[in-house]
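Q: I should like to learn how to read the spaces in a protein model. May we take the structure below as our example?

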Amino acid sequence: MATAPLRIGIFGGTFDPIHSAHLEVADAVRKALLLDRMLVVVANQPWQKEGERPVTPAEDRYAMTEAALADRPGLEPCRIELDRGGPSYTIDTVRDLQRTYPGAQLVVVVGSDVVGGLGTWKDERDLRGLVTLAVVGRPGVPPVLLPPGWHGVDVPVAPFDVSSTEVRERLETGAAVDGLIPEAVIRCIRQRGLYATGR
Ligand code: ATP
C-alpha cells in the first residue's frame with residue numbers, strides 16, 4: 001500500500017530574535033494543515049533585510065531559536081541555511097529539502113506582510129510550482145491577494161501584535177519583554193550579551 005507523502009512546513013525568518021508570535025504561527029499552521037514536521041528555518045543572510053540594519057550573527061539567532069523550541073514538540077529548529085552559507089534563498093532550501101525528502105509536500109509559511117514581495121524571490125516561477133503557501137494574518141497588515149501563479153491557503157491564527165523590531169527596541173532600552181519572547185530566549189540573550197541589554 002502506498003504511504004502518504006510527508007508533509008513538511010518551512011517557516012523561514014531572520015528570527016532576530018524569535019518571538020512568541022513566531023511560535024504561535026508555527027504551531028497553528030502545523031496543527032491546521034496536519035503537517036508531519038514544521039521546520040523553523042533560520043536565515044543565514046536575510047537578503048531582504050540587507051542594508052536596513054546590522055543583523056545579529058546567524059549562530060546567535062540560531063541559538064535563540066533552538067532555546068525557544070526546546071519545549072515545543074513538533075517545532076524543529078533548522079540550520080540548513082546556516083550550513084549552506086551565503087545569502088538565504090527559499091528556492092535553495094526547497095531544493096535541498098527535496099533531495100533529503102524525495103516526494104515530500106512542502107508548505108512555505110509566511111506572514112501577510114511578506115506576500116506582496118513574493119515576486120522578488122529568487123527563481124519565483126520555479127518556487128511557486130514546488131510549494132504551497134500557508135499565509136497567516138499579521139496585525140496591522142490588510143489582507144492581501146496572492147500574486148499570480150501561487151497556490152496557498154489562509155490559516156487563521158490568533159493575532160499577536162509583536163515584531164522582532166519591537167523586541168530589539170525594548171531590549172536596547174531596558175523595557176520589559178516578558179510574554180513577548182520565551183524565558184529561555186531571554187536567558188540566551190543574557191548569556192550571549194546580545195542587543196546591548198546590559199542587564
Ligand atoms: P523584524 O521586525 O525584524 O522585521 P519580524 O518580527 O517580522 O522581524 P521575521 O523573522 O522577519 O520577524 O519574520 C519571519 C516570519 O514571521 C515572516 O513570514 C513574518 O511575516 C512572520 N511574522 C512575524 N511576526 C508575526 C506576527 N506578529 N504575526 C504573524 N506573522 C508574523
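Q: Which element gives the largest share of the lining of the second largest pocket?

A: S6 does, with 3 residues. Strands (E, at least two residues) and helices (H or I, at least four residues) are DSSP runs numbered from the N terminus. The model is predicted, so local features need pLDDT of at least 70 and side-chain atom pairs pLDDT 80 or more, while totals for chains, interfaces and linings use all residues. Residues are numbered from 1 along each chain, and side-chain values use heavy atoms, without hydrogens and water.

Q: How is empty space found?

A: Rolling a probe the size of a water molecule over the atoms shows where empty space is left. On a 1 Å grid over the protein atoms alone, a pocket is an open set of points where a 1.4 Å probe fits, with protein on both sides within 12 Å along at least five of seven lines; lining residues have an atom within 4 Å of a point. Here the second largest pocket has a volume (the space filled by probe spheres set on the points) of about 220 Å³. Its lining has 16 residues, and Ser112 and Pro143 are among the closest to its centre.

Q: Which polar contacts does the ligand make?

A: A polar contact is a pair of N or O atoms within 3.5 Å. A ligand oxygen is 3.0 Å from a polar backbone atom of phenylalanine 15, and one is 3.0 Å from a side-chain N or O atom of histidine 19.

Key: Polar contact = N/O pair within 3.5 Å; in protein donor to acceptor, adjacent residues only side chain to side chain.
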